[in-house]
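Let's take a walk through this model together, from its overall build to a few local details. Keep the structure open beside you as you read.

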Amino acid sequence: MQTGLILLYLTIGMSTNTYSISKTSFIKFEQCSKAFFLYKNYPYLRDKLSIDKQITFKRGHDVGLLAQQLFPGGIDVSRDLKNLPEVAEATQKLISEAAPVIYEATFIYKETLIMVDILVLENGVYNAYEVKSSIKVSDTYYKDACLQYYVLKNSLNNFDDLFLVTINPDYVLEDELDVKKLFRKRSVKKRAEENIAYFDHRVSEALMVLEQNTIPNTPIGKQCFKPYQCDFFGTCWKDLVTENSVLNLPQVDRGLLFDWFSSGIKTISQLNDDLIEKENVKKIKNAILTNSEIRDAERINHFISKITEPVASMDMEIWNPAVPQLKGTKPFEQIPFLVCFYDGNTRYFFTDQQTDKRKEFGEKLIEFSKDYKTILVYDKTMEVAVINTLIQLYPELKPELDILKTKMLDVFELFLNLSYYHPGFGSNVSLKVVSATLLNDVAYSKINSGLEAMAYYGQYRISENELERSTIFQDLVDYCSTDTEATFKLARFLQK
Ligand code: SF4
């Protein structure tokens with residue numbers, strides 16, 4: 001018998017051509033049956049996709065394409081077909097022909113459709129490779145891999161194993177990218193085999209939810225945030241959670257907040273002080289109810305006494321590509337590309353890092369900082385990490401970079417430890433929220449987060465359109481300098 005015919009014989013028990021559950025909808029079902037039902041029947045109620053999520057999806061897509069180089073020359077079965085059942089049929093045809101490598105191989109079993117990033121014929125059996133653009137393997141990754149395994153096991157008789165392909169954190173880029181060393185794989189066979197019955201049962205339950213055809217009456221709860229903030233947050237929460245909702249009380253464990261909420265304590269004013277353990281939470285509750293600020297004069301004065309003129313604020317932007325781009329760097333390593341100093345005027349240093357400019361970056365930090373006795377920052381964690389890496393790479397810069405570190409004063413700590421609190425902060429003391437509440441002359445324009453800045457910088461580096469590059473460059477500088485201006489003015493606000 002020819003190989004193709006053997007495989008045709010082996011791939012019995014094939015799919016039906018309809019499906020009700022996808023991997024994405026199944027993961028939603030695991031989070032909340034209501035989210036699953038809404039996703040299937042009222043997808044237009046989903047919240048707008050945040051920029052951060054869009055960036056994460058794009059990164060996943062790019063890394064997925066790169067991982068195809070692990071098994072080059074495959075056929076992308078989904079490329080010219082829009083209808084997924086058709087893709088599933090085309091997959092079966094390719095399998096019957098013993099196609100050695102198939103990208104986006106698609107299978108349907110028990111009305112559940114899955115798409116495998118890479119399917120490879122190895123020693124007469126098919127192995128599936130599911131690519132994740134991260135270093136760690138979360139429970140959700142295992143869950144979606146085990147669902148795929150369950151479908152494959154039931155729809156492809158010569159299927160052997162499914163491997164999760166993740167990024168190897170120890171990989172260091174040399175002259176050329178080595179895709180084989182960049183990725184590492186781990187089998188999910190043992191875990192998936194142990195959970196076959198679980199997935200069969202859960203798929204049946206999910207199908208039943210669809211059959212019943214009524215929106216499940218699931219109350220809001222901790223599941224709205226786990227493992228991700230639910231897409232239907234806006235729909236479910238909008239009428240239930242008012243501005244003074246007890247669920248908006250900061251610094252309280254989410255489980256406790258939902259206990260209060262489900263016991264009938266819906267607003268902060270209904271919450272008795274006896275139920276609150278932490279003094280800080282009592283203070284915040286009082287500040288919200290009386291619309292007044294919290295000011296710890298002693299701590300604020302102590303902070304201000306540490307400011308020595310001349311003073312400037314500083315902010316850095318970093319880029320941490322999943323796939324290293326600079327020789328000698330690792331996946332997700334923080335590469336600084338922009339630093340701004342503000343003392344009433346802005347000074348900055350920007351590099352496109354086409355070649356490694358980290359030493360120049362360190363030298364600019366020293367040059368800019370030497371004019372000041374105090375350097376204000378807002379959450380110094382990242383800045384300190386970058387400086388420490390620069391010290392490791394260029395020990396000759398250590399003495400002056402150490403001095404820079406001693407000059408740094410973190411404005412964020414005052415807001416974090418409640419030395420100053422304004423009800424307008426709610427539970428968020430990020431620089432954007434705090435400055436929007438307290439300052440009326442600082443405004444962000446296009447870029448609104450460090451993650452967005454990274455995505456724009458990635459685009460800047462690959463763009464060949466000069467107009468686009470200069471627009472992105474200006475947006476990045478505006479964003480970074482607005483952060484420094486806000487930090488500087490917050491310190492002045494506290495001084496007043
Ligand atoms: S917001 Fe919460 S309750 Fe509503 S669908 Fe999502 S997880 Fe379920």
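Helices and strands here are DSSP runs, of at least four residues for a helix (H or I) and at least two for a strand (E), and they are numbered from the N terminus. With that naming, Pro227 sits in the loop between α9 and α10. The peptide bond that leads from Lys226 into Pro227 is cis, with omega near 5 degrees. Please keep in mind throughout that this is a predicted model.

**The chain as a whole**

The protein chain holds 20 helices and 14 strands. Measured out along the principal axes, its C-alpha atoms fill a box of roughly 85 × 60 × 40 Å. Of the 496 residues in the protein chain, 32% are buried. If you look at contacts between residues at least 6 apart in sequence, 69% of them join residues at least 24 apart.

**Around the ligand**

Which residues are closest to the ligand? They are Cys32, Ala35, Cys224, Cys230 and Cys236, out of 13 residues that surround the ligand. Two elements give two or more residues to this shell, namely α3 (33–41) and α10 (233–237). The most comes from α3, which gives three residues. By character, the shell divides into nine nonpolar residues, three polar ones and one charged one.

**Two helices that cross**

Two packed helices are described by the angle between their axes and the distance between the axes. For helix α6 (residues 139–155) and helix α9 (residues 196–212), the axes come within 10 Å and cross at roughly 90 degrees. Angles of 65 to 115 degrees count as roughly perpendicular, and α6 and α9 are therefore roughly perpendicular to each other. On the α6 side the contact is made by Cys146, Leu147, Tyr150 and Lys153, while α9 brings Ile196, Phe199 and Asp200. The residues of this contact divide into five nonpolar, no polar and two charged.

**The buried side of a helix**

Now turn to helix α18 (residues 431–438), where Leu431, Val434 and Ser435 are buried. These residues lie on the same side of α18 because they cover an arc of only 95 degrees around the axis. The cover over the buried residues of α18 includes α17 (412–416) and α20 (466–495).

**Backbone details worth a look**

A second cis peptide bond to look at joins Glu309 and Pro310, with omega about -5 degrees. Two residues that are not glycines also have a positive phi: Asn291, at about 50 degrees, and Phe332, at about 65 degrees. The table shows where three of these residues are placed.

| Residue | Backbone value | Place |
|---|---|---|
| Pro310 | omega about -5 degrees | loop between α13 (297–305) and β9 (311–319) |
| Asn291 | phi about 50 degrees | loop between α12 (279–290) and β8 (294–295) |
| Phe332 | phi about 65 degrees | loop between β9 and β10 (335–342) |

Is Asn291 buried or exposed? A residue counts as exposed if 12 or fewer other C-beta atoms lie within 10 Å of its own. Asn291 has 9 C-beta neighbours inside 10 Å, so it counts as exposed. Phe332 has 15 such neighbours inside 10 Å and therefore counts as partly exposed.

Definitions and conventions. Residues numbered from 1 in each chain as written. Predicted model: local features only at pLDDT ≥ 70, side-chain atom pairs only at ≥ 80, totals over all residues. Near = placed C-beta within 6 Å. Nonpolar A, V, L, I, M, F, W, Y, C, P; charged D, E, K, R; others polar. Buried ≥ 20, exposed ≤ 12 C-beta atoms within 10 Å, placed from the backbone. Arc of directions from axis to C-beta. Contact = placed C-beta atoms within 7 Å. Axes fitted to C-alpha atoms, helices over the stretch in contact; angles between N-to-C directions. Parallel < 35°, antiparallel > 145°, perpendicular 65-115°, else oblique.
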